[in-house]
Amino acid sequence: MTAKLIRNAYEAALTMTAVLLSWGIALILETTAGLHTDSLVLAVALTLTLSSTQRTADTRRRLTALALLPVAAGLAQLLGRLIATHYAAGAAVFTAVLAFAIWIRRYGPVATKAGTLLTLPLVALLVVPGPALPPEAGDRLLNWAWSALIGAVACAGVWLVQGVADRWGPWPGAAEPAAPSRPSRLHPRPSTRMALQMAAGVAAAFALGRLCYDHHWPWMVLTAYVAASGNRGRTDVLRKGVERCLGAAAGTLLATGVAAAGIDGHASVAVMFGVLAVALWLRPLNYAYWAAGMTTALSLLLGYFGQDAQSLLLTRLAAIGIGAAVSVAAAWWLLPVPRRRTTPALRPAT
């Protein structure tokens, strides 16, 4: 266990180094180009989600990510504007794209990796629903370009840090050998079942999130996605849903303590990065640690932007609970995937 904690700390340090590098470059861009503050959060969110998927990637995969992720990030920001102006249409497009990214896994490892790259900006969009430019800028093409640039910055930051670590670090990220798999006899195929389950859970979360929580809908949708991603069966979805709820509850208590200590402004940003580092360190042990860290970090972020984060903590908990429930319901009653028949290619990619 000690050796595992040391290795986890090393990997968390690499991720946070990439995060701080991307954040620093995005901060320069925000200052010089007059970007919206959400561009900073976008850089952090993309770097966090990309780091884990690229750690064992070879040069070809990293170059592919560098080519595809900026385009996907830009398109995701355009989708964010669509959701803001036409919620139902935007939610439908978001759900369809997310389901498609899972469905194409049937075509093998290359399609699976492409689906993962397509999914990363969508996950970041749930954390950063706003555009890179201020609303008054109004130029959608220009907003796409800046968002794409932020995506390139995140990708290059991860690539640089992990490349240096692979060359001179104590633990290079060796590529994982492909696990043998056997064709599934399920009809529809597992990828189709998982795509339909994800679509049902996310669509329900979009509808209930807007109905019950107005513009706080991303909390419910993000939970529905997390619980259903990499579906290994009904029990797996239930476990992840419970872990996210427990982690969020712990994060709520931690965020309350931070607020009671009077930490705000730039100090809250420093604490936020510290919380993310600890959450990354403990994440491989149990997902609940990551959920707790993310809940705390988001609460600190809301406080930094001037929102009353404490009054929203119970709302976030309720939204997370409902999001987990709809995802579990879809996994249990809509074409469930038996655990023994889930192939390695369909396991979690994020």
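## A first look at two helices

In which hand does α1 pass α2 in their crossing? The crossing of α1 past α2 is right-handed. Keep in mind as you look around that this is a predicted model.

Helix α1 covers residues 2–33 and helix α2 covers residues 38–54. Their axes sit 8 Å apart, and the packing angle is about 155°. Angles over 145 degrees count as roughly antiparallel, so that is the label α1 and α2 get relative to each other.

Who does the touching here? On the α1 side you'll find T15, A18, V19, S22, W23, A26, L27 and E30, and on the α2 side S39, L40, A43, V44, T47, L48 and S51. Sort the residues of this contact by type and you get nine nonpolar, five polar and one charged.

## The chain as a whole

Time to step back. The chain has twelve helices and zero strands, so its pattern along the sequence is simply α-α-α-α-α-α-α-α-α-α-α-α. It runs to 350 residues, and 50% of them count as buried.

Now for how the chain folds back on itself. Take the contacts with a separation of 6 or more: residues 24 or more positions apart account for 79% of them.

## Two residues in α1 and α2

Back in helix α1, have a look at E11. Is E11 buried or exposed? With a relative accessible area of 19%, E11 is buried, because the cut-off for that word is under 20%. Leaving out residues up to four places away in sequence, E11 touches R55 and W171.

Over in helix α2 there is Q54. Its relative accessibility is 6%, so Q54 counts as buried too. Which residues does Q54 contact, once neighbours within four places in sequence are set aside? They are R61, R62, A65, V158 and Q162.

## Around α8 and α9

Just ahead of α8 comes a loop, and D214 lies in that loop, between α7 (190–213) and α8. D214 has a phi near 55°, which is a positive value in a residue other than glycine. The relative accessible area of D214 is 42%, so this residue is partly exposed.

Next comes another pair of helices: α8 spans residues 217–228 and α9 spans residues 234–260. Their axes come within 8 Å and cross at roughly 140°. That angle makes α8 oblique to α9, because the roughly antiparallel label is kept for angles over 145 degrees. The crossing of α8 and α9 is right-handed.

Helix α8 brings W219, L222, T223, V226, A227 and A228 to the contact, while α9 brings V237, K240, G241 and R244. By type, the residues of this contact split into six nonpolar, two polar and two charged.

## Two residues in α11

Helix α11 takes in residues 287–304, and A292 is found there. A292 is buried, at a relative accessible area of 15%. How far apart are the C-alpha atoms of A292 and A255? The separation is 9.4 Å, although A292 and A255 are 37 residues apart along the chain. With neighbours within four places in sequence left aside, the contacts of A292 are G247, A248, A250 and G251.

Another residue to find in helix α11 is S299. S299 has a relative accessible area of 3%, so S299 is buried. Here too there is a partner from elsewhere in the sequence: S299 and T252 are 47 residues apart along the chain, yet their C-alpha atoms are separated by 8.1 Å.

## Cysteines

How many disulfides does a search of the whole structure find? The count is zero.

Two cysteines can still be placed by how much of each is accessible. C155 counts as buried, because its relative accessibility is 3%. C245, at 25% relative accessibility, counts as partly exposed.

Terms used:
Residues numbered from 1 in each chain as written. Predicted model: local features only at pLDDT ≥ 70, side-chain atom pairs only at ≥ 80, totals over all residues. Heavy atoms only, no water. Axes fitted to C-alpha atoms, helices over the stretch in contact; angles between N-to-C directions. Helix = DSSP H or I, 4+ residues; strand = E, 2+ residues; numbered from the N terminus. Parallel < 35°, antiparallel > 145°, perpendicular 65-115°, else oblique. Left-handed = near helix turned anticlockwise from the far one by under 90°. Contact = heavy atoms within 4.5 Å. Nonpolar A, V, L, I, M, F, W, Y, C, P; charged D, E, K, R; others polar. Disulfide = S-S within 2.5 Å. Buried < 20%, exposed > 50% of the residue type's maximum accessible area, 1.4 Å probe, protein only.
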